[in-house]
Structure formats: structure tokens, C-alpha cells
Amino acid sequence: MSKKETFEAEALIHADSLHRTALRMTKNENDADDLVQETLMKAYRFWDKFEEGSNCRAWLFKIMTNIFINNYRAKSRAPQVVDLQDVDDDFLFGQLSALGPSENPEQHFFAKVFDDDVKMAIEELPEDFRLVVVLSFLEGFSYQEIANIAGLQIGTVKSRLHRGRKLLQKALWDYAVKNGFIKEAAK
Amino acid sequence: MTCEEALRRLYDVIDKEADEIDVKEVQEHLAHCENCMARYEFEAMFKTFIRDKALSTPKSDQLKNRILTRIEDAERSRGRFFKRPFRYQAVIVAAAAALVLCIVAAFSVAGYYRQRAFIQPFEDSHMAGLQTYQTQSTPVRAGNPCAPEVLTFIEGYLPAGVQDSIPGYAMIGSCLDVIQDVKFAHLSYVAGESMVSLFVGSPDGVNLPDFERVEVGGQECYRYVCKNCQLMYWMIGNTLIVAVSEDKSLPLPEIMPAVSAI
Ligand SMILES: [Zn+2]
Ligand SMILES: [Zn+2]
């Protein structure tokens, strides 16, 4: 097989998955396209550096994350202050349980929220949290893989994922309340 | 296992990161504890829910094809010379050799190389700046003030002052460059679609070639047009100023007031 054929079979098949993450990170279709193209062209140039048998998908995501961090992320990066002190770990679960068991509130909640609302809630997460949430929830990478891809300690991955989860649950709850899908339970 | 212990392992288990023993113990606890079970089920459901909702429909055939085309283009342009049949290569090499011989014969070798040696680094630096400018993803704002360290260099070390813009020309950036082992302030101006780089520094140690001499407003300067650019240099006191532009039709002397004696 030629270099191009191997690349097509092993790397290019991940274009969808790269594009999905690129879209959540750049928040627009054009930048996502550019980011994926840049990633794959770079991967092709360095294809001889890729160790055969190792995880190609994780390697591609590492390249893409680096390009994203260097070229695409918000230019002025004020320190990201996220106050989660008032959100309990079981915030959403608690809210939904408080609605009473009769009508299966979780099912009701999950059925009401649209795809676009979930995508928007993900995009509204602060960048640092968004990256680990997307890599874990959408792409199914392990903590160790995410640590390698994003250049983080495994403990940082875990804490960001934990906080990202809470932020996402809080955002979706607020959204459901705002749209009247659910009447907020009295605390 | 207590409820507290079971919940501490919640996300590790959901994310399939917990070790086998932990998973087993958690399962045993969940079998007896409805509350924890409900929470575990909820978090697992939440994860699946997010994944299902955010998995967009693939659209990548188009994207893949575009990348394949780019790869083919890159391969083709790289392999172009070497993939020709051998006799073509020989012809090209012979022609190049003949051309070099002609150039060598036509010019005084020493004079030509001294001119090139002077032009090349300024031209390179200008072209690098031009390329950066043209490939910027966000447009560079014209009318930028000169960077403080560049201004300090020019004003402190050499008796010259700088204008951020003059009619028709606006500064887009500035930096300090080392050219022929001499430190220069590099000022970039845009004029319409074209760019001009001004290099301001000491002429000590720079080999100044004899270009065509022109007089602009009583100021003596030297101008040269090569294959890629036009270049002009002049002196203010003991300060050397070199102007380079890729646009050979730009009236280069217009840029002269941008740097003046103080
Ligand atoms: Zn329990
Ligand atoms: Zn420069």
C-alpha cells in the first residue's frame, strides 16, 4: 500500500470524529473544516513519525488539540473563573427527584431537551472544561488518553470532567426551566 | 461499602475507569441500596443522553475528498521535477548550467555577488513579513503605533524619528531584526495592496553596494530593482535606512519622510 492509501485507511477514517470535536470547540462550521484539514495535512506530513500499531485516533486528536490551542482558541484569555460552590454533585438528579416519582421526571426531562440545546450547552462551557467533556462524553477517550491529548495531569482531567459535568447539568436544567418544560421544585 | 464510598466511585465507574474490585463492590452495594442505584442509573443515562444528542450526522465525505485532493496536489508538486523522464532532467540541468555561465560571463562576478549579498537578507526579511501579513487569519489593523522597544532602539541609538503613518502609507507592525550581523529596526507599512519594509540601523559593518544614484528632495539615495523586489537605501547622518517593496511600480521615495532626523 502506498503512503496515501495507508493514510486513507488509518487516519482519514477519523475525519468525522475529528470534525465533531472541532465543531464543538471552534463553534462554527468553517473553522471546524479548516481545523480538521490542517490537522490531517499535518498528520500526513508527519505520517512517518506515527508509530504503527499505536492509537492513531488519539494521535490525531493530540495534533488537533495542539493546533486548536495555538491558533484557534479565543485570543484574549482572561483566567476562567467558574464558581461551582453552590452546585451540588447531585444537583440535577436532586431537582428531578424532587419533582416526585409519579411521572418519571428523568425520562420526561431527557425527552424534552433538543439536540441543538445540548450542543449549545456544550459550546457554552468554558474552553478548558469543554475540551475534556467532549473528549470523554462524545469521543469516549479514557482519562489517560485525554491527559495525553490535552497535555494535562490525570487528576486535572478528572477534576475538569467532574466540574464540566456539573456545569452541563446546571445549564440544561436552567434551560428546561426557562422554556417551561419543567416547573422548578420548591427547595 | 457505605453509600458515601459508593458515591465517591460514581464517576470512575460510569466512565469505566474503576478497577475490577471497586466495580464489584459497588455492584454489591447497588443491589441493596435503591438510592445509590437511582443515582448511578441517572448519571449513566445522562452520559448516554449527551452523547446521543451531540453526535451530529457525519458530513465528511466532502471533507475527506478535499483532504485527498490537497494531499495529491502536495505530492504532485513535490514529485514534479524528479518524476520527469531522465532526458528532460538532463536538459533542465544543462540549461540551468548554461544560464549560470551566461550570468557569470555577463556580470562582474564580484560586483554581482556583493549586490546580491546586500539585497538578499533585506528582501528575505521583507518577504517573510509580507507572507505573514497575507496569511493572517485575522486582518492586521493598519495604523499600528511603532512597538516601544523598536522606538527606543531607533531614538536612543540612532538620531532618527519615526512616523506611524504618512499619506498613503500606514504602519502595520514593527520588530527588531538582525541582518548581516547588524541590528535593524524593521518597520512594515501598507500602501494599498502593497507593502514596504523600512530597515533602520547603523551602516557600520554593512557593505554598501553602488546602485543607481537618485536624488529625492536634496537627499541622495541609491536604488536597485531585482527580479523579486525594488530596494532603495539612503543615509541620515550616520543612520542607514533601507526600503524594500515587492511592488516594483510603487514610488518608493514617497516613504522617505516616514523616518526623519531628530
Ligand atoms: Zn447507597
Ligand atoms: Zn522583522
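**Figure 1. B:C33, a buried cysteine at a zinc site.** In this predicted model, B:C33 is buried, with a relative accessible area of 11%. Its sulfur atom, SG, is one of the protein donors of the zinc ion (ligand 1). The other donors are B:C3 (SG), B:H29 (NE2) and B:C36 (SG), and the donors lie 2.0 to 2.3 Å from the ion. Where do B:C3 and B:C33 sit in the chain? B:C3 belongs to helix α1 (residues 3–8) of chain B, while B:C33 falls in the loop between α3 (20–32) and α4 (34–54), so the pair ties together parts that are 30 residues apart in sequence. Unlike the buried B:C33, B:C3 counts as partly exposed, at 36% relative accessibility.

**Figure 2. The geometry around the zinc ion (ligand 1).** Here we look at how the donors are arranged. The angles subtended by the four donor atoms run from 106 to 114°, which makes the arrangement tetrahedral. For four donors to count as tetrahedral, all angles must lie between 85 and 135 degrees. If you follow the chain instead, the donors of this ion show the spacing C-x25-H-x3-C-x2-C.

**Figure 3. A second zinc ion, with an irregular site.** Which residues coordinate the zinc ion (ligand 2)? They are B:C175 (through SG), B:D177 (listed twice, through OD) and B:H186 (through ND1), at 2.3 to 2.6 Å. The four donor atoms subtend angles of 50 to 135° around this ion, which makes the arrangement irregular. Along the sequence, the donor residues are spaced C-x1-D-x8-H. B:C175 sits in strand β3 (residues 169–179) of chain B and B:H186 in strand β4 (residues 182–191), 11 residues apart, and this pair links distant parts of the chain. Are these two residues buried or exposed? B:C175 is partly exposed, with a relative accessible area of 31%, whereas B:H186 counts as buried at 4% relative accessibility.

**Figure 4. The open sheet of chain B.** Step back a little to see the strands around that site. Chain B holds eight helices and 10 strands. Eight strands form an open sheet with antiparallel pairing, in the order β2-β3-β4-β5-β9-β8-β7-β6. Which strands stand at the edges? They are β2 (165–166) and β6 (212–216), each with a single partner strand, so one side of each is left without a neighbour in the sheet. The partners β2(B) and β3(B) pair in the antiparallel sense over two bridges, and B:S165 stands opposite B:A170 in β3(B).

**Figure 5. A salt bridge inside chain A.** Side chains of opposite charge can pair when their charged atoms come close. A:R57 and A:E139 give an example, with their side chains meeting in a salt bridge at 2.8 Å, N to O. A:R57 lies in helix α4 (residues 56–72) of chain A and A:E139 in the loop between α8 (127–138) and α9 (143–150), so the pair ties together parts that are 82 residues apart in sequence. Both A:R57 and A:E139 are buried. A:R20 joins them too, and the three residues are linked in a network of salt bridges. Over all chains, the count comes to 17 salt bridges.

**Figure 6. A salt bridge between the chains.** B:D15 forms a salt bridge with A:R165, and their closest N and O atoms are 2.7 Å apart. B:D15 lies in the loop between α2 (10–14) and α3 of chain B, and A:R165 in helix α10 (residues 154–178) of chain A, so the pair joins two chains. Both residues, B:D15 and A:R165, are buried.

**Figure 7. Contacts of A:S136.** A:S136 lies in helix α8 of chain A and counts as buried, at 4% relative accessibility. What does A:S136 touch, leaving aside its neighbours within four places in sequence? Its contacts include A:F141, A:I146 and A:L161 from chain A, as well as B:D15 and B:K47 from chain B. You may recognise B:D15 as the salt-bridge partner of A:R165.

**Figure 8. B:R9 and B:D22 in chain B.** The side chains of B:R9 and B:D22 meet in a salt bridge of 3.2 Å, N to O. B:R9 is in the loop between α1 and α2 of chain B and B:D22 is in helix α3, 13 residues apart, and this pair links distant parts of the chain. Both B:R9 and B:D22 are buried.

Note on methods: Residues numbered from 1 in each chain as written. Chains lettered and ligands numbered in written order. Predicted model: local features only at pLDDT ≥ 70, side-chain atom pairs only at ≥ 80, totals over all residues. Heavy atoms only, no water. Donors = N, O, S within 2.8 Å, 3.2 Å for Na, K, Ca; no water. Tetrahedral: all angles 85-135°; square planar, octahedral: opposite > 155°, others 65-115°. Helix = DSSP H or I, 4+ residues; strand = E, 2+ residues; numbered from the N terminus. Buried < 20%, exposed > 50% of the residue type's maximum accessible area, 1.4 Å probe, protein only. Pairing = 2+ DSSP bridges. Salt bridge = Lys/Arg side-chain N within 4 Å of Asp/Glu carboxyl O. Contact = heavy atoms within 4.5 Å.
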